[in-house]
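Work through the exercises below with the sequence and the coordinates open beside you. Each task is followed by a solution that goes step by step.

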Amino acid sequence: WVTDAAALTDPDFAWHEFAKLWQTPGDGEGFMEGWLSLDAEQRATTFASSGDFVASGGPGQAALAMAQALDRTMTDTILTLYRSAVRVNEQWGPAFADIPKPGLVIVPSEDVFLEGSMARRAGERAGARIVPLEGLGHWWMLQDSARGARLLEAFWAGLG
């Protein structure tokens, strides 16, 4: 198994402010309506302003790709996902230490939504290999997909 969200299982985990908003009926829908009312360029600028996209001269290709993909299905899915995981650390945390081995915990150094120290602690409890991704954020798979693919392929190749 591979995860970049091991921090969710840490006993001290707390949701970021966007998640709290999305988890609130009515407020989450209002937020998503606002997002959908923007054009892709405006949404990309909003995504890039979260501090999680490394870009110069504009929102960057990763933020733009994400902004272009945002539609009603995605916003509804975001709300459903976040509302299903309000107490995720309480629900998943205790069993995470017993997850079957081997595992890989990816820790992007610039993730503004998930705390790296929590991800490392969770990975250690689970006996997982922990790999930092220096210079990448929460959307590392969009920021540097080739680097992410090499990391995953190397992990899987080492299992055989």
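The exercises concern a helix, the nonpolar cores, the enclosed and open spaces, and two acidic residues.

This is a predicted model, in which local features need pLDDT of at least 70 and side-chain atom pairs count only at pLDDT 80 or more, while totals for chains, interfaces and linings use all residues. Residues are numbered from 1 along each chain as its sequence is written, and side-chain values use heavy atoms, with hydrogens and water left out.

**Exercise 1.** Determine which residues of helix H9 are buried and which exposed residues lie on the face turned away from them.

Solution. Helices (H or I, at least four residues) and strands (E, at least two) are DSSP runs, numbered from the N terminus. Start with the extent of H9: residues 145–157 make 13 residues, and the distance from the first C-alpha to the last is 18 Å, close to the 18 Å expected at 1.5 Å a residue, where the expected span is 1.5 Å times one less than the number of residues. Next, apply the exposure classes, in which buried means under 20% relative accessible area, exposed over 50% and partly exposed in between, with a 1.4 Å probe and protein chains only. The buried residues of H9 are Gly148, Leu151, Leu152 and Phe155. They lie on the same side of H9 because they cover an arc of only 90° around the axis, the arc being that of the directions from the helix axis to the C-beta atoms. Finally, the face turned away from this buried side carries the exposed residues Arg150, Glu153 and Ala157.

**Exercise 2.** Identify the residues with the most contacts to other members in the largest nonpolar core, and the helix that contributes the largest share.

Solution. A nonpolar core is a set of buried Ala, Val, Leu, Ile, Met, Phe, Trp, Tyr and Cys residues joined through side-chain atoms within 4.5 Å. The largest such core has 32 residues, of which Phe13, Trp15, Trp22, Met32, Trp35, Phe47 and Ile78 touch the most other members. The largest share, four residues, comes from H4. Following Ile78 one step further, and not counting residues up to four places away in sequence, one finds that Ile78 touches Trp22, Met32, Trp35 and Leu70, with contact taken as heavy atoms within 4.5 Å. A second, separate core of nine residues includes Leu104, Leu133, Leu136 and Leu151.

**Exercise 3.** Find the volumes of the largest cavity and the largest pocket, and the element that gives the most residues to each lining.

Solution. On a 1 Å grid over the protein atoms alone, a cavity is a set of points where a 1.4 Å probe fits but cannot get out, whereas a pocket is an open set with protein on both sides within 12 Å along at least five of seven lines; lining residues have an atom within 4 Å of a point. The largest cavity has a volume of about 40 Å³, and S2 gives the most to its lining, with three residues. The largest pocket has a volume of about 690 Å³. Of the 29 residues that line this pocket, Trp22, Ile78, Tyr82, His138 and Trp139 are the closest to its centre, and the largest share of the lining, five residues, comes from H5.

**Exercise 4.** Classify Asp76 and Glu124 by exposure.

Solution. Asp76, which lies in helix H5, is partly exposed, with a relative accessible area of 40%. Glu124, which lies in helix H7, is exposed, with a relative accessible area of 58%.

How values were computed
Points joined across faces, edges and corners; volume = space filled by probe spheres on them.
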